[in-house]
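Please work through the exercises below with the sequence and the model open beside you. Each one sets a task and then gives a solution in steps.

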Amino acid sequence: MWQGRALRRADCVCGLGLVLLGGAVLNAARKMPMGGSYGGVDNPWYASPAAFPLLIGGLFVLSGFAIFLNGARSGALRGLFGALARAIGRLGQPAQRRGIIVVALLAGYYVLIRYHWIPGYSGENYIASSTVFLSVFALTFYRPQGRRPGWKLAIAIIAGAFLLSWGVASLFSGPLRVPLP
Amino acid sequence: MVETFTHFFHQLGGLLNPFNLVVLLAAVTMGIAFGALPGLTATLGIALLTTATATLDLPLEVTMIALMGVYVGAIYGGCHPAVLLNIPGTAAGAASAVEGYPLCKQGRGGEAIATATVTSFGGTVFGVLAMLLLAPMLTVLALKFQSSEKFLLAFFGVLICGSLTAPDMPLKGWIAGLLGVFLATVGIDPIHGYQRFTFDTTELVGGIKPIPVILGAFAVPQIIRAMMQPTKAGKPPVISRLWPQLKILKNNVWNAIRSGLLGVGVGSIPGVGEDIAAWLSYDTAKKVSKEPETFGKGSMKGLISAETANNACIGGALIPLLTLGVPGSPPAMMLLGALELNDVRTGPTLAMDRPEFIPQMAAILLWASFTMLVLGFLLSRVSVHVLRIPTAFLMPIVALFSVIGAYAFDNSLWDVGFMIAFGVAAYFMEETGYPVAPLVIGLILGPMAEENLRRALIDSGGSLAPFFTRPLSLVFLVLIAASVSAQFFFQRKRRLESVERGTSDSSEC
């Protein structure tokens, strides 16, 4: 978890975000049916579909203000934009970079299984997508003795990734009866 | 009560058949592996196995044996890496690492694992007894609940979970819970059938499903965090004497009973899991100890308190799940999903619809704890080698199974995309002090809260009087008021203490 002033600055940003979210929820709830009858059912305001979102939206606004004030009171607003710029600059640091790569790999995996990406092949692409994901993930992060894996180890990793993907696909498509994408 | 115990003893014998035993052995082994491997949790284990059991169309009894086996094994398994490598496999095992690893460095690793195994078994049995004693009483009480009480119960569940799991300030826990309740409003509303917040997206009409949310909340942040700061396992220690000292166990009987009570108590609080039970029990053991200075240096008392409490929490977490339909811990949230998939409606009517079910769950829990006791001893020497699997191999496999877990329930790639996107959001939430457990409990209890609030208002013609005039409602209101005011009191106390130490937030920066 973030600490100190960085956390309080995040409070300011989150607080504003919550106020905006609360406003949007209240605005959407305002357009829902309130009164008369709806779908053949009496619809007084307190029983309407809008009642609960109105309550939640209102609580979002209030708690957003409270969180924002908590951050602002500790002086986190001073130099907020400079801090944001520095935070973006820190994205190049090793730990942050590794985090971004993980998210990109997960998103890439989703894209691969979502779209049939092998030209002219319209069958199951789960095995190919998973093999690519597992291999790229392992080859990106695995550093035996601090060095990149050699080509023999790389081939072994890719083969292992294929075997695992094939095994999982066979298990789910076969006995577990889950047709994978 | 007598009937419950009669059913329980009947189920104890009835469950014993070769197929069930094989399932139990496999499930507990899988659970211990999930608990032991850093990044894999009991919740994730249950989530993934729920997919498998649902798609296999297994009978309810076998499904529950598999899921409870994983649950018990995973909560216990966290002590292996905690003691041997100082890397807690689960959050629940973190308190055990504080005492277990120093013991391991003193050459008492085997003894520490054995003691943790025996006390985890004791804790689980304590949870079973609590289930059998308390569940019937709570069911009788819950049958008296009307809409106003059901709304207040759901509200209290989200509130208390937010209070106890927020690392920074309780308000953030409450906001997380509120976000979960908001997510629960997406889709068709429960009374009028009006579509809300669907943005004309077909996939949102049915609402946001808990399973992709749970997988996203508990798997994706773990994967990101594990890869950002990979831990290097040290040289595997040699486990010598794998047996507890009976004298130590005898001297810690009261410590174990107190820890069991704390574990059951914490477990019965909605959404608050085994990690808090372990830490609370550890902290209490330290406070009441005549030798508090020994804690942190390899105290068996500390290890016993943490391990007993986190396993006793399992039985505690099942009590509100089965009697009120309110899960007591994150793994129990997943169990609720599995029960719903099997058409088991939890809550006060469960005891009438299926009178044998709660005793059956208690019997399964007891058999799972015996299996855990045996496998715990057998697998201790093996686990030390398994723990050395590099995270670069382990985490993508976790991602692979999480993707299948999210996909398999509805064969929907939308759920997979939602799980990944929500998981990344959950990571940032946790980094900024917003716990995800209240969000999940909010998502689960949100429909119960909304439907019952609106029904209570319809019944009273828009009056709030039933919330203040019905005795049970008043009890909940007092609990809510006490919980909120206690948080303000503790926060003020913490602030004063930090000012006294001269380390307030602003000066830290």
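The exercises that follow concern a predicted model, and they go from the chains to their contact, then to helix pairs and single residues.

**Exercise 1. Describe the secondary structure of chain A and decide how its radius of gyration compares with the globule rule.**

Step 1. Chain A contains six helices and two strands, and along the sequence these elements follow the order α-β-β-α-α-α-α-α.

Step 2. For 181 residues the globule rule gives 16 Å, whereas the radius of gyration of chain A is 25 Å, well over that value, so chain A is more spread out than a compact globule.

Step 3. The C-alpha trace of chain A spans about 65 × 55 × 30 Å along its principal axes, and 30% of its 181 residues count as buried.

Step 4. Of the contacts in chain A with a separation of 6 or more, 62% are accounted for by residues 24 or more positions apart.

**Exercise 2. Carry out the corresponding analysis for chain B, beginning with its helices and strands.**

Step 1. The secondary structure of chain B amounts to 24 helices and two strands.

Step 2. Its radius of gyration is 22 Å, which is close to the 23 Å from the globule rule for 509 residues, so chain B is as compact as a globular protein of that length.

Step 3. Taken along the principal axes, a box of roughly 70 × 65 × 45 Å is filled by the C-alpha atoms of chain B, while 60% of the 509 residues of this chain count as buried.

Step 4. When contacts in chain B between residues at least 6 apart in sequence are considered, 79% of them join residues at least 24 apart.

**Exercise 3. Determine how many residues each chain gives to the contact, and which helix supplies the largest share of the side of chain B that touches chain A.**

Step 1. Chain A gives 57 residues to the contact and chain B gives 54 residues.

Step 2. On the side of chain B that touches chain A, the helices that each supply at least two residues are α3 (42-56), α8 (170-184), α11 (220-228), α19 (391-408), α20 (413-431), α21 (437-459) and α24 (505-508).

Step 3. The largest share of this side, nine residues, is supplied by α19(B).

Step 4. By residue class, the side of chain B that touches chain A holds 34 nonpolar, 11 polar and nine charged residues.

**Exercise 4. Establish how far α11(B) is covered, and what its buried residues pack against.**

Step 1. Seven of the nine residues of α11(B) are buried, and the helix is thus mostly covered.

Step 2. The buried residues are B:Val220, B:Pro221, B:Gln222, B:Ile223, B:Ile224, B:Ala226 and B:Met227.

Step 3. These buried residues pack against α4 (94-114) and α5 of chain A, together with α10, α19 and α20 of chain B.

**Exercise 5. Classify the orientation of α5(A) and α6(A), and then that of α10(B) and α16(B).**

Step 1. In chain A, helix α5 (residues 126-141) and helix α6 (residues 151-173) pack at an angle of about 140°, their axes lying 8 Å apart. An angle has to be over 145 degrees to count as roughly antiparallel, and α5(A) and α6(A) are therefore oblique to each other.

Step 2. The crossing in which α5(A) passes α6(A) is right-handed. The residues of this contact comprise 13 nonpolar, four polar and no charged.

Step 3. In chain B, helix α10 (residues 210-218) packs with helix α16 (residues 330-341) at an angle of about 155°, with the axes 10 Å apart. These two helices, α10(B) and α16(B), are therefore roughly antiparallel to each other.

Step 4. The crossing of α10(B) past α16(B) is left-handed. B:Pro210, B:Ile211, B:Ile214 and B:Phe218 of α10(B) make the contact with B:Pro330, B:Met333, B:Met334 and B:Gly337 of α16(B), and these residues divide into seven nonpolar, one polar and no charged.

**Exercise 6. Assign exposure classes to A:Arg143 and B:Gln106.**

Step 1. A:Arg143 lies in the loop between α5 and α6 of chain A. It has 13 C-beta neighbours inside 10 Å and therefore counts as partly exposed.

Step 2. B:Gln106 belongs to helix α6 (residues 94-142) of chain B. With 12 other C-beta atoms within 10 Å, B:Gln106 is exposed, since a residue counts as exposed at 12 or fewer.

Conventions: Residues numbered from 1 in each chain as written. Chains lettered and ligands numbered in written order. Predicted model: local features only at pLDDT ≥ 70, side-chain atom pairs only at ≥ 80, totals over all residues. Contact = placed C-beta atoms within 7 Å. Helix = DSSP H or I, 4+ residues; strand = E, 2+ residues; numbered from the N terminus. Nonpolar A, V, L, I, M, F, W, Y, C, P; charged D, E, K, R; others polar. Axes fitted to C-alpha atoms, helices over the stretch in contact; angles between N-to-C directions. Parallel < 35°, antiparallel > 145°, perpendicular 65-115°, else oblique. Left-handed = near helix turned anticlockwise from the far one by under 90°. Rg over C-alpha atoms; globule rule 2.2 N^0.38 Å. Buried ≥ 20, exposed ≤ 12 C-beta atoms within 10 Å, placed from the backbone.
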